[in-house]
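User: Could you take a close look at one part of this protein for me, and set that part in the context of the whole chain? I would like one connected account.

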Amino acid sequence: MSSSNADPQSVDDAILDAAAELITQLGARRTQLAEIARRAGVSRPTVYRRWPDVRAVIGALLTREIATTQEQVTRAGDDRESVVAWIVEVAVRIRDHAVLGALLHSDPEVLFEYVTERLGTSQRGLLDALCGALVLGQRHGSVRAGEPTELAAMVLLIAQSTVQSYRMVAQLLPEEAWRRELARALNGYLAP
């Protein structure tokens, strides 16, 4: 791929695709910027013009993958149960995502900052989507009153911690029970 003639978005996607492939194969710690560039068919300076290091590439990859995953799930309606079903489905897809799963299992410290230290771009995108859905649920009358941003932040914390801890409790909470209990927790929290 010639980076001088290519669409910048396609170059970005090629770089992020190469990073995703390497992370799922090798883990984040063993993923090198030079190998990302080689697999993407671009030069190292092309990657450096976009991101200063592998960590920044991983951050951009997380943002892309989480946003894409969230966009792939359509809400059935604006009522609380539809919103909760949407949240649970997004949580399942994020939990089972190949790249995110590889990071969570092989290099959890890479995700640590994005999960516990700061709100990243992907989390802000999820918060915006949650806030919008909760406002609609409030208008519908099926989501309790309250500041939508605060409700969305708590919903994100509940869903995020449930996703992170899934494998730890998988024998106690098989798939169907996990989905059911997450939905019950969210419905209980959001009910008027």
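Analyst: This is a predicted model, and I begin with its charges: the protein carries 21 positive and 24 negative side chains, and the centres of these two sets lie 3 Å apart. The surface that the protein exposes comes to about 10000 Å², of which carbon and sulfur atoms supply 53%. Of the 192 residues in the protein, 45% are buried, and the C-alpha trace spans about 55 × 35 × 30 Å along its principal axes.

The secondary structure consists of 11 helices and 0 strands. When contacts between residues at least 6 apart in sequence are considered, 66% of them join residues at least 24 apart.

Within this chain, the part to look at closely is residues 9-69, which an unreviewed UniProt entry lists as "domain: HTH tetR-type". Over residues 9-69 the chain is 80% helix and 0% strand, and the C-alpha atoms at the two ends are 18 Å apart.

A residue to examine here is A37, which is placed in helix α2, a helix made up of residues 33-40. A37 counts as buried because its relative accessible area is 1%, where the cut-off for buried is under 20%. Once the neighbours within four places in sequence are left aside, A37 is in contact with V42, S43, R44 and V47. By contrast with those contacts, H140 lies 103 residues away from A37 along the chain, and the C-alpha atoms of A37 and H140 are separated by 49 Å.

Note on methods:
Residues are numbered from 1 along each chain as its sequence is written. This is a predicted model: local features need pLDDT of at least 70, side-chain atom pairs count only at pLDDT 80 or more; totals for chains, interfaces and linings use all residues. Side-chain values use heavy atoms; hydrogens and water are left out. UniProt positions are given in the numbering used here, feature names are shortened, and annotations may be inferred rather than shown by experiment. Helices (H or I, at least four residues) and strands (E, at least two) are DSSP runs, numbered from the N terminus. Buried means under 20% relative accessible area, exposed over 50%, partly exposed in between (1.4 Å probe, protein chains only). Contact means heavy atoms within 4.5 Å. Accessible areas come from the Shrake-Rupley method with a 1.4 Å probe; for residues, only the protein chains shown count as cover. Lys and Arg count as positive and Asp and Glu as negative; His and the chain ends are not counted. The place of a charge is taken as NZ of Lys, CZ of Arg, CG of Asp or CD of Glu.
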